[in-house]
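Me: I am new to this structure and would like to go through it step by step. Could you show it to me before I begin asking?

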Amino acid sequence: MQTVVIGAGVVGASIAARLAERGAEVALVDQGAPGGGTSSTSYAWVNANGKEPRPYFDLNLAGLEAHHRLSADAADGGGWLGTGGHVEIAVDDAHRDHLAARLARLAERDYAAEAITHERAAELLPDVRVPDDAQLIVHFAREAYAYPALYLAHVLGQARAAGVRVLTGVTVTGLRQSVAGGGEALLVDGTVLPGDTIVSAVGRRTGELAALAGVDVSMQTFTTPGDPTVGYLAETGPVPVRLGRLVTSPWLNVRPAGGGRLLLQALDLDVTADPRDVPGVGSALAAEFLRRLRDVVPGAEGARIERLVVGQRALPGDGRTIVGRVAQAPWLYVVATHSGVTLAPYLGEGVAAEVCGEDVPAFAEFRPERFVADAAYEPVGAPRTPGEQ
Ligand SMILES: Cc1cc2nc3c(=O)[nH]c(=O)nc-3n(C[C@H](O)[C@H](O)[C@H](O)COP(=O)(O)OP(=O)(O)OC[C@H]3O[C@@H](n4cnc5c(N)ncnc54)[C@H](O)[C@@H]3O)c2cc1C
């Protein structure tokens, strides 16, 4: 079986590796370098925490568990996954109520979530200032953070070892059905890549790529600063603080970023995020990230922001994952999702299975057909409060 996977982000690279391990002949194509899309600008919190409705929660839980399983089994050590869980601290009434409701719901589903005392929080987060007036603190012990570049290195290594041909710096500019009934991807350099199945895993470019095959897949695209497709991420230089897990506070989300660096996210600040006009590391926005960081992690007093980016989400119109063959062009299989870092290992396994003729029941709620012309759906809003992204 011959397949073409378009897009070498965390999702496409995972699919390519699993397909080749099943014996398929695979070409993985990217217009840039692997990981140059949204996968390089992600908070990369691996979780199913606030993911609703239930089928979307189940999908993300499968992603979280796949990360744990694959990293435990990885011959290269599985160093892309930072375990130790996530601690969320609620101070005001609204956040406490939201967190308490989530805790109750997640506990019913046997998701590792436990209310903890100030003392326990201080043990888990020795260098974090846990506010005296915190009303509720929850430890989500199984949640994790990922280093997307290291995950990508892992799966690309597996893909190459299984025989995947990786073509970089070549844009796919056309898609069509072949005479034999499969598909063909037309590259900008004139090359034609045939595939029994063509898998589209181009993240936020999914709408454009599917349109090349005359297929309508609804994706949200950036229109105005702060819309749901965009968000800031700030990365510090190395700081001498002990932080081994994710922290969500009302003012700031913080996680380790490797080598003593910290990755910061503040959803309320995203209202000005504009990929055409990204503030510099000396900007007022960078200073605000640092002010919040010093409040949450006092030992980070010497921190500097070394990287400030606006990430652009791969966001299906209704916010939920798209995964499946396209009814009117069955040679085309489309995958697009927010939460792509959480989902990549599970999608890799599941999409490879479906391309090879199996059916993955967990994907049933996420088929592309829901976007047939004029179908009504609820557009997703921007994440602004803790636990939403
Ligand atoms: C601010 C922010 C925070 C986030 N936080 C989290 C989080 O905490 N947890 C989580 O799980 N997820 C999070 N995400 C989402 C996650 O990062 C993405 O869902 C994931 O990276 C998408 O990966 P992908 O492989 O689908 O897409 P991408 O990484 O964008 O890869 C798509 C690839 O397709 C290529 N491509 C596009 N068009 C073509 C073409 N015509 N021809 C050839 N190649 C093409 C691109 O060059 C690119 O490399 C966040 C995203 C943002 C922006």
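Reply: The questions and answers below concern a predicted model.

Me: How many residues surround the ligand, and which are the closest?
Reply: Counting every residue with a heavy atom within 4 Å of the ligand, the shell around the ligand comes to 36 residues. The closest of these are Asp 30, Ser 39, Ser 42, Gly 340 and Thr 342.

Me: Which helix or strand gives the largest share of that shell?
Reply: Four elements, α1 (10-21), β15 (230-236), β19 (305-312) and α8 (340-355), each supply at least two residues of the shell around the ligand. The largest share, three residues, comes from α8.

Me: Which domains each give at least three residues to the shell around the ligand?
Reply: One of them is assembled from separate stretches of the chain, written as 2-62 + 148-220 + 316-370, and the other covers 230-312. The shell draws at least three residues from each of these, namely domain 1 and domain 3.

Me: How do the residues of the shell divide into nonpolar, polar and charged?
Reply: The shell around the ligand holds three charged residues and 14 nonpolar ones. The polar residues in the shell number 19.

Me: What percentage of the ligand's exposed area does the protein bury?
Reply: Polar atoms of the protein lie beside the ligand in several places: a polar side-chain atom of Ser 39 is 2.5 Å from a ligand oxygen atom, and a backbone N or O atom of Trp 45 is 2.9 Å from an oxygen atom of the ligand. A polar backbone atom of Val 172, in turn, lies 2.9 Å from a ligand nitrogen atom. Taken alone the ligand exposes 1,000 Å², and the part of that area buried by the protein is 96%.

Me: Which strands lie at the edges of the open sheet of three strands?
Reply: The order in this open sheet is β10-β11-β12, and the pairing is antiparallel. A strand at the edge pairs on one side only, as do β10 (172-177) and β12 (192-195).

Me: Which residue of β12 stands opposite Leu 186?
Reply: Strand β11 covers residues 183-187, and four bridges join β11 to β12, the two running antiparallel. Opposite Leu 186, in β12, stands Val 192.

Me: Where is the proline that follows the cis peptide bond from Glu 52?
Reply: The peptide bond from Glu 52 to Pro 53 is cis, with omega near 0°. The place of Pro 53 is in the loop between β3 (45-46) and α2 (54-73).

Me: What is the phi value of Asp 110?
Reply: Asp 110 lies in the loop between α3 (93-108) and β6 (114-115). Its phi is positive, in a residue other than glycine, and is near 60°.

Note on methods
Residues numbered from 1 in each chain as written. Predicted model: local features only at pLDDT ≥ 70, side-chain atom pairs only at ≥ 80, totals over all residues. Heavy atoms only, no water. Pairing = 2+ DSSP bridges. Polar contact = N/O pair within 3.5 Å; in protein donor to acceptor, adjacent residues only side chain to side chain. Areas by Shrake-Rupley, 256 points an atom, 1.4 Å probe, with all protein chains shown as cover. Nonpolar A, V, L, I, M, F, W, Y, C, P; charged D, E, K, R; others polar. Domains from an automatic or database assignment.
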